[in-house]
Number of protein chains: 2
Amino acid sequence: MARRRESAEVRKKQIIEAAMHCFQNKGYAKATIDDIAGEYGLSKGSIYWYYPSKKDILKDLFRYWMDETLKGVYSEISDLKSARDKIVRMGEFFIRSLIDDLELYSSMLVFWGSSYEDDFMRERIMDLYAQYDEIVKSLLSQGEENREFIVPNKEVYCTLLIAMIEGLVIRHAVSKALDLDSVLGEVRNIVGRVLPPLEKG
Amino acid sequence: MARRRESAEVRKKQIIEAAMHCFQNKGYAKATIDDIAGEYGLSKGSIYWYYPSKKDILKDLFRYWMDETLKGVYSEISDLKSARDKIVRMGEFFIRSLIDDLELYSSMLVFWGSSYEDDFMRERIMDLYAQYDEIVKSLLSQGEENREFIVPNKEVYCTLLIAMIEGLVIRHAVSKALDLDSVLGEVRNIVGRVLPPLEKG
DNA sequence: TTTAACATACTGACTGGTCAGTATGTTAAA
DNA sequence: TTTAACATACTGACCAGTCAGTATGTTAAA
């Protein structure tokens, strides 16, 4: 067979992408190691050279997904001053990501679904939520300090803002039929309503 | 073995409940027919007396879940006049349901996850979304007709309100750690912000 | 009223296919 | 010539679905 030897880095990336693609199409349980290997013309043996088990591929995929997501969020909002702008940009970022890289973002369902059978996965997801919470809560505090808006209950507003984004991701992952451009155009408006600007007195 | 013969109606209900419980704990793929049968001390054969396949149990569970949910929503809001009140009540209903019947509502993830492998399931979910859309969109229209509020973009607001609820359900299904009572207390407030009352002129 | 004939509601052993993981063979590169 | 990076062939556990048989109602005719 044609051996196209690659560096471990390249192969791992390929395997992760192949896994993502397979999990999208069949779900975690139904996607086989042979499916994943086949995506780049590899064999089962080569998969097990890089990963000790199927579950470890999933874990690495989640790590990759979480890294990409959080890195993306931070780099989007880092150059902005106003808390409102940051929140708006964050919302827009997720929607644009969903448009541009549907497959990556709709991996969510695979991870969330596997939280049933796997405590490790569940803990990682809780970890992600904690990080989301930290980001959003600090933005809400910052907005209050800057006197941009007032939030009656930071915990709840934080939870609901995150829920809104997640709900959107999940719905689009299943339906692939949302008009995301319209949603994108309304983000600032919505944030303006949820966090109305303070009257200057 | 002690045969405890039951009517088809009772057995089917038992099987659905057993399946829900097993799917919660292990996910669809990992839960076995023997697991489901064991919940009520039945045997594999008796499951197949009522259902032709494992997937058909899932389908029936979804039907049950969707019926309960929509029935609940309609009965909650039917006695209210104001569109705002209806929207508030709807939000509160989902949160209370999540508190009172976590298992039923966190079944969502099982269904959503199975949309990957099964087109039938995916269509059913799209169907559910369509019904949600119909309810919320008509409430938004009604609110505008009553001059309770104005919505810049009905489609988008509808999508986001539904997303918020779904995101909440899913997060709580995974984490089981949200302070839902706090969220419940903020529903009216949040709706008030998203759909601010019109100034009477 | 009884019982034979039938219908319904199961049981549980068995099968056949699937697939994660393993053992071992092969080759390109250093 | 060694070994990292594969490929191939295999194993064994697991499980959905089958089916022959059993137990438990139901009913109609004698």
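In which kind of crossing, left-handed or right-handed, does helix 5 of chain B pass helix 10 of chain B? Keep that in mind while you open things up; this is a predicted model, and the tour starts on chain B.

**Stop 1: two helices in chain B**

Select residues 83-100 of chain B for helix 5, then add residues 180-194 for helix 10. Look along the pair and you have the reply: the crossing is right-handed. The axes of these two helices sit 9 Å apart, at an angle of about 165°. Angles over 145 degrees count as roughly antiparallel, and helix 5 and helix 10 of chain B are therefore roughly antiparallel to each other.

Now turn on side chains. From helix 5 of chain B, the residues to show include Ile87(B), Val88(B), Ile95(B) and Ile99(B), along with Arg84(B) and Glu92(B). On the helix 10 side, Leu184(B), Val187(B), Arg188(B) and Val191(B) are among those that take part. Colour this contact by residue type and you should get ten nonpolar, one polar and six charged.

**Stop 2: the matching pair in chain A**

Hop over to chain A and pick helix 5 (residues 83-100) and helix 10 (residues 180-194). Here the angle is about 165° and the axes are 9 Å apart. Helix 5 of chain A passes helix 10 of chain A in a right-handed crossing. Zoom in on Asp85(A), Arg96(A) and Leu98(A) in helix 5, which are among the residues that meet helix 10 residues such as Leu180(A), Asp181(A) and Gly192(A). The tally for this contact is ten nonpolar, one polar and six charged.

**Stop 3: the two domains of chain A**

Zoom out and colour chain A by its domain assignment: domain 1 is 1-51 and domain 2 is 61-194. Their C-alpha centres lie 29 Å apart. Where they touch, seven residues of domain 1 are in contact with eight residues of domain 2. About 820 Å² is buried between the two, 71% of it on carbon and sulfur atoms. To see where domain 1 gives up the most area, select Ile16(A), Met20(A) and Gln24(A), which together account for 59% of what that side buries.

**Stop 4: chain A against chain B**

Finish by showing both chains. How many residues does the contact take from each chain? Chain A gives 46 and chain B gives 46. The area buried between them is about 4,200 Å², with 65% coming from carbon and sulfur atoms. On the chain A side, highlight Tyr116(A), Arg171(A) and Arg193(A): these lose the most area to chain B, together 21% of what that side buries.

Conventions: Residues are numbered from 1 along each chain as its sequence is written. Chains are lettered from A and ligands numbered from 1 in the order in which they are written. This is a predicted model: local features need pLDDT of at least 70, side-chain atom pairs count only at pLDDT 80 or more; totals for chains, interfaces and linings use all residues. Side-chain values use heavy atoms; hydrogens and water are left out. Axes are lines fitted to C-alpha atoms, for helices over the stretch in contact, and angles run from 0 to 180 degrees between N-to-C directions. Helices (H or I, at least four residues) and strands (E, at least two) are DSSP runs, numbered from the N terminus. A crossing is left-handed if the near helix is turned anticlockwise from the far one by less than a right angle, and right-handed if clockwise. Contact means heavy atoms within 4.5 Å. Ala, Val, Leu, Ile, Met, Phe, Trp, Tyr, Cys and Pro count as nonpolar, Asp, Glu, Lys and Arg as charged, and the others, Gly among them, as polar. Domain bounds come from an automatic or database domain assignment. Buried area is the accessible area (1.4 Å probe) that two parts lose on being put together, summed over both. Angles under 35 degrees count as roughly parallel, over 145 as roughly antiparallel, 65 to 115 as roughly perpendicular and the rest as oblique.
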